[in-house]
Amino acid sequence: VRIRNVPLYDMRCDNYYYGYAFSAVDILREETADTDYGAFRHCSCDVGCTVHYNDVQRFYRDNIRIACGSAGNIGCNADKARIERTYVMARSSNQKQKILYIEKMFREESDELHALTVAGIQEKLERLGITAERKALYSDIETLRDILGMDICSDKNGTYYLASRDFEFEELQLLADAVACSKFISEEKSRALIGKIAHLTSNFRANELQRSVIVANRVKTVNKKIYYNINKIHEAIENGRKITFHYFNYDIKKRKIFRNADGRYTMSPYHLAWEDENYYCIGFYEKYNSVSNFRVDRMEDVEVSDEPAIISEDFNLAEYTRKIFGMFAGKETIRIKLRFDNSLTSVVMDKFGSDITMHKLDENNFYISKDINVSPTFYGWLFQLGVKAEIIEPLSARNDFVAFIDSLRDMY
């Protein structure tokens, strides 16, 4: 047996082994390979060594018990009672941290392509100043499986790796791509969020994730206060309060031009909605006496008011977003019957939802009937479909669309 490369000369006496030519520090920093507790006697005779209580106290480990006694004329210079009281079942602070470090290794340094060996774990722990024997590590792995539910698998080579996580890599890619594509998240914040998402997988896959997601040169907001705005809006919704804020657009020199010269806007927020890569605050706007929406990245100095919010009992978020977003609010909502070429079924479902009812008109066309907020934005969407789309009724909507087309023609 060798401890830290220090030879042990063993002498059997009274059914015990007596260590010779090594110090308490050497013993207490290392373990023997074939025992659980490593029961040693340190004696002050000419075949042993003297171990002082303070030395043992300073360097003990939880899995080594120092047993001192006397046998015949061989005396022990250590205080047996004090040593055994102190070290049987005791644990050092490093040992308490051991299983946390092991968990961290599996989460960050293992996956299906990068497995860990028990010897490798021992070596990593040693660099952290923590010693552990193989039997203890097997027990720690079982604890991580049973208590934390970690899916730690082993292979025929005796290596271990974390086989599954809360998020699969493909799911993390979707989240990272969503962050990268979101216009309302600044480039700086996008990189920070993707970095946090990457921590949910191993270091090896994290590097792959960050390389595969492109953030630079995307259209991004320059309003870094958007996260503060979102927090305040959520606070107001949670507590049923109004919010006040400034609202702005940009001029051609990219300077903020604040609207509502009279001061701050006041509204009762209901929901936050993400539509067309932008974040909107939807709520009751008293000036129009109706539900309206505001771009969150165009809001500034959002504050929660002490006034209770005005609640609209019949407000339906799903219906509102379908009717408004993508079309934007017009002066009125009317029932419109639209004809489409059969090749546009997917386009219609993308625009109006998968539950839209499509009726056969003839062999080549179908029609829908839908309540739509009529606006130039709606007409522009319809115009891009060319002869494959047509307003059938009402006649007033057909005439308005013709007037819209005429205004464009006159401009050119």
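Helices here are DSSP runs of H or I with at least four residues, strands are runs of E with at least two, and both are numbered from the N terminus. You are looking at a predicted model, where local features need pLDDT of at least 70 and side-chain atom pairs count only at pLDDT 80 or more, while totals for chains, interfaces and linings use all residues. Residues are numbered from 1 along each chain as its sequence is written, and side-chain values use heavy atoms, with hydrogens and water left out.

**Stop 1: the whole chain**

Start with a cartoon view of everything. The protein chain contains 14 helices and 16 strands. Of its 412 residues, 39% are buried; that word stands for under 20% relative accessible area, with exposed meaning over 50% and partly exposed the range in between (1.4 Å probe, protein chains only). Now switch to a surface. About 24100 Å² of the protein chain is exposed, and carbon and sulfur atoms supply 48% of that area. These areas come from the Shrake-Rupley method with a 1.4 Å probe, and for residues only the protein chains shown count as cover. If you like contact maps, take contacts in the protein chain with a separation of 6 or more: residues 24 or more positions apart account for 65% of them. Contact means heavy atoms within 4.5 Å.

**Stop 2: T357**

Select T357, in the loop between α12 (345-352) and β14 (359-360). T357 is partly exposed, at 46% relative accessible area. Add Y367 and I368 to the selection: T357 touches both, leaving out residues up to four places away in sequence. T357 and Y367 are 10 residues apart along the chain, and their C-alpha atoms are separated by 8.7 Å.

**Stop 3: R339**

Y367 also leads to the next selection, since R339 is in contact with it. R339 belongs to strand β13 (residues 333-341) and counts as buried, with 14% relative accessibility. Which side chain does the side chain of R339 meet in a polar contact? Show N365: the two side chains make that contact at 2.7 Å. A polar contact is a pair of N or O atoms within 3.5 Å; within protein, one must be able to donate a hydrogen and the other to accept it, and residues adjacent in sequence count only if both atoms are side-chain atoms. Then show the backbone oxygen of V387, 3.0 Å from a polar atom of the R339 side chain. Beyond four places in sequence, the residues touching R339 also include L361, F366, K388, A389, E390 and I392.

**Stop 4: T159**

Move to T159, in the loop between β5 (151-154) and β6 (160-164). T159 is buried, at 12% relative accessible area. Its side chain makes a polar contact of 2.5 Å with the side chain of D155. Set aside neighbours within four places in sequence, and T159 is in contact with A115, L116, T117, C153 and S154.

**Stop 5: two helix pairs**

Select α7 (residues 169-181) and α8 (residues 187-198), whose axes come within 9 Å and cross at roughly 170°. That makes α7 roughly antiparallel to α8. Axes are lines fitted to C-alpha atoms, for helices over the stretch in contact, and angles run from 0 to 180 degrees between N-to-C directions. Under 35 degrees counts as roughly parallel, over 145 as roughly antiparallel, 65 to 115 as roughly perpendicular and the rest as oblique. Show L172, L175, A176, V179 and A180 of α7 with S190, L193, I194 and I197 of α8 to see the contact.

Next, take α13 (residues 376-383) and α14 (residues 395-411), with axes that come within 11 Å and cross at roughly 80°. These two helices are therefore roughly perpendicular to each other. The contact is formed by P376, Y379, G380, L382 and F383 of α13 and A397, D400, F401, F404 and I405 of α14.

**Stop 6: backbone geometry**

Most residues other than glycine have a negative phi, and most peptide bonds are trans. Where does P394 sit? P394 is in the loop between β16 (389-393) and α14, and the peptide bond from E393 to P394 is cis, with omega near 5°.

Finish with N289, a non-glycine residue with a positive phi of about 55°. N289 lies in the loop between β10 (278-285) and β11 (290-295) and is exposed, at 58% relative accessibility. D301 is not a glycine and has a positive phi of about 55°, but the residue lies in strand β12 (residues 299-308) and is partly exposed, at 32% relative accessible area.
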